[in-house]
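What follows is a guided reading of one model, going from its cysteines to its salt bridges, its surface and its backbone. Please keep the sequence and the coordinates open while reading.

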Amino acid sequence: MKETWKKIAWSVGRPLVTIFVAVLIGALLVLPTGTSPVEAYGALLKGAFGSQVSIFNSLERATPLLFTGLAATVAFKAGVFNIGIEGQLYMGAFAAALMGIYGAGLPRVVLIPLCILAAMAGGLLWAVIPGCLNTKLGINLVVISIMMNNIGKLFTEYLCTYPFKGELPVSATAKLSEAAWMTRFSEKSSFNTFFFLGVALAIVLYVVIFKTRFGYELRALGLNERFTRYNGIDVKKRVIVVLLLSAAIGGLAGAEQVMGANQRFYAGFSADYGFTGITVALLGGLNPLGVIIGAVFFGALNSGAVQMEVMTNISRDLISTLQAIIIMLLAIEYFGKPWILRQLEKRKNRVEGGKAHGVS
């Protein structure tokens with residue numbers, strides 16, 4: 001029990017340490033502008049958490065990143081580099097939108113689950129193509145999934161511009177049936193119940209990944225594919241299962257946007273949620289509980305940036321800089337940690353070898 005709480009504490013504390021270091025470096029970048037870092041970050045915090053509406057806006061911006069971060073976590077934990085979450089998000093969103101439009105007349109308790117299932121199916125089916133090409137033909141998953149992103153984005157843009165165009169002059173579908181709208185908590189914010197679904201999903205995934213046999217096989221696949229194969233596990237089958245699960249979760253991020261935030265499908269609605277979700281996943285240490293922290297942090301940054309720019313002379317580009325710093329820190333950790341461990345192992349072997357030589 002004590003070991004479990006230690007793991008949970010590490011899952012939450014690790015991203016907080018990375019965030020703290022990034023904020024300190026960002027403060028050093030603010031100093032040459034003549035503005036106090038305390039003033040800049042104070043304005044940022046006020047814009048992110050200064051009122052109930054600000055808090056709701058921060059959490060609303062965190063919600064799609066929560067789902068895309070979880071999608072990346074599931075895949076990357078198994079060593080399956082699903083870079084196609086952005087395309088899966090678009091396909092899931094469009095599938096949910098169609099269900100919400102043509103399911104008009106169905107009761108709310110039926111239509112909302114159907115829209116969610118449609119979004120998961122849309123994301124999942126979009127991942128079948130790269131999954132089959134990878135496992136059957138050996139085509140690099142990263143390359144094909146990146147290509148599928150643009151295809152998915154452009155394909156859905158065509159669909160909502162021509163055959164499924166709504167009443168608006170922009171490329172968008174008709175509005176979803178009200179029975180498909182997720183409950184909002186304020187008239188001034190798009191924050192909705194999808195956030196709590198994301199938190200619940202993160203807890204479930206934590207249990208699955210770290211407390212079940214499937215999770216053990218998933219983690220073993222990520223650590224050593226050859227060892228996993230020698231233990232009688234069908235690696236290709238596991239790769240497909242993990243990829244489809246990740247894609248289905250990515251589709252949920254799209255469902256949140258059409259059922260909660262926008263209540264219809266807009267062409268190009270995503271602010272690179274799929275790619276940012278990968279950073280969120282790495283910031284959380286590929287741990288579902290850490291992803292919650294990372295998503296809320298990124299949501300707060302994006303929400304508070306406008307207030308910071310208005311109240312100080314600091315551009316909202318500082319937020320992009322902070323995100324870049326976080327990516328840099330994660331890269332240093334990812335590549336530096338193995339190198340440090342190798343050096344320590346070599347030093348240990350030299351010391352033990354010297355002692356053995358001295359004894360002989």
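**Cysteines without a bond**

The sulfur of Cys-115 lies 17 Å from the closest cysteine sulfur, that of Cys-160, which is too far for a bond. A disulfide would require the two sulfur atoms to be within 2.5 Å. The model is a predicted one, and a search through the whole of the structure returns zero disulfides. Cys-115 is buried, at 0% relative accessibility. Cys-132, by contrast, has a relative accessible area of 35% and is partly exposed.

**Salt bridges**

How many salt bridges does the structure hold? There are four. One of them joins Arg-264 to Glu-167, with the closest N and O atoms 2.9 Å apart. Arg-264 sits in the loop between α10 and α11, while Glu-167 sits in the loop between α6 (141–161) and α7 (194–211), so this pair ties together parts that are 97 residues apart in sequence. The two partners have unlike surroundings: Arg-264 is buried, with a relative accessible area of 5%, whereas Glu-167 is exposed, with 54%.

Another salt bridge connects the side chains of Glu-217 and Arg-238, at 2.5 Å from N to O. Here the partners belong to helices: Glu-217 is in α8 (residues 213–223) and Arg-238 in α10, so the pair ties together parts 21 residues apart in sequence. Glu-217 is buried, at a relative accessible area of 9%, and Arg-238 is partly exposed, at 22%. This pair also belongs to a network of salt bridges that links Arg-213, Glu-217 and Arg-238.

A further salt bridge is made by the side chains of Arg-316 and Glu-309, with an N to O distance of 3.0 Å. Both residues in this bridge are partly exposed: Arg-316 has 40% relative accessibility and Glu-309 has a relative accessible area of 31%.

**Patches on the surface**

Turn next to the charged part of the surface. Arg-342, Lys-346, Arg-347 and Arg-350 form a positive surface patch. Of these residues, Arg-342 is found in helix α13, which covers residues 317–359. The relative accessible area of Arg-342 is 46%, which places this residue in the partly exposed class.

Which residues make the nonpolar surface patch of about 410 Å²? They are Leu-106, Val-109, Val-110, Leu-114 and Leu-117. Two members of this patch can be placed on the secondary structure. Leu-114 lies in helix α5, residues 108–137, and counts as partly exposed at 30% relative accessibility. Leu-106 is found in the loop between α4 (85–102) and α5. The relative accessible area of Leu-106 is 34%, and this residue is likewise partly exposed.

Leu-106 also takes part in a contact across the sequence. Its C-alpha is 7.5 Å from the C-alpha of Ala-179, although 73 residues separate the two in sequence.

**Backbone angles in one loop**

The last stop is the backbone. Most residues other than glycine have a negative phi. Gln-263 departs from this, with a positive phi of about 60° although it is not a glycine. Where is Gln-263 placed? Gln-263 lies in the loop between α10 (235–261) and α11 (273–283). With a relative accessible area of 9%, Gln-263 is buried.

Asp-272 is another residue other than glycine with a positive phi, near 55°. Asp-272 lies in the loop between α10 and α11, the loop that also holds Gln-263. Is Asp-272 buried or partly exposed? Its relative accessible area is 43%, so Asp-272 is partly exposed.

This loop between α10 and α11 has come up before, through Arg-264 and its salt bridge partner Glu-167. The loop therefore holds a buried arginine that is tied to a part of the chain 97 residues apart in sequence. It also holds the positive phi of Gln-263 and that of Asp-272.

Terms used. Residues are numbered from 1 along each chain as its sequence is written. This is a predicted model: local features need pLDDT of at least 70, side-chain atom pairs count only at pLDDT 80 or more; totals for chains, interfaces and linings use all residues. Side-chain values use heavy atoms; hydrogens and water are left out. Buried means under 20% relative accessible area, exposed over 50%, partly exposed in between (1.4 Å probe, protein chains only). Patches are made of residues with over 30% relative accessible area and no salt bridge: like charges are joined within 9 Å, nonpolar side chains (Val, Leu, Ile, Met, Phe, Trp, Tyr) within 5 Å. Accessible areas come from the Shrake-Rupley method with a 1.4 Å probe; for residues, only the protein chains shown count as cover. Lys and Arg count as positive and Asp and Glu as negative; His and the chain ends are not counted. The place of a charge is taken as NZ of Lys, CZ of Arg, CG of Asp or CD of Glu. Helices (H or I, at least four residues) and strands (E, at least two) are DSSP runs, numbered from the N terminus.
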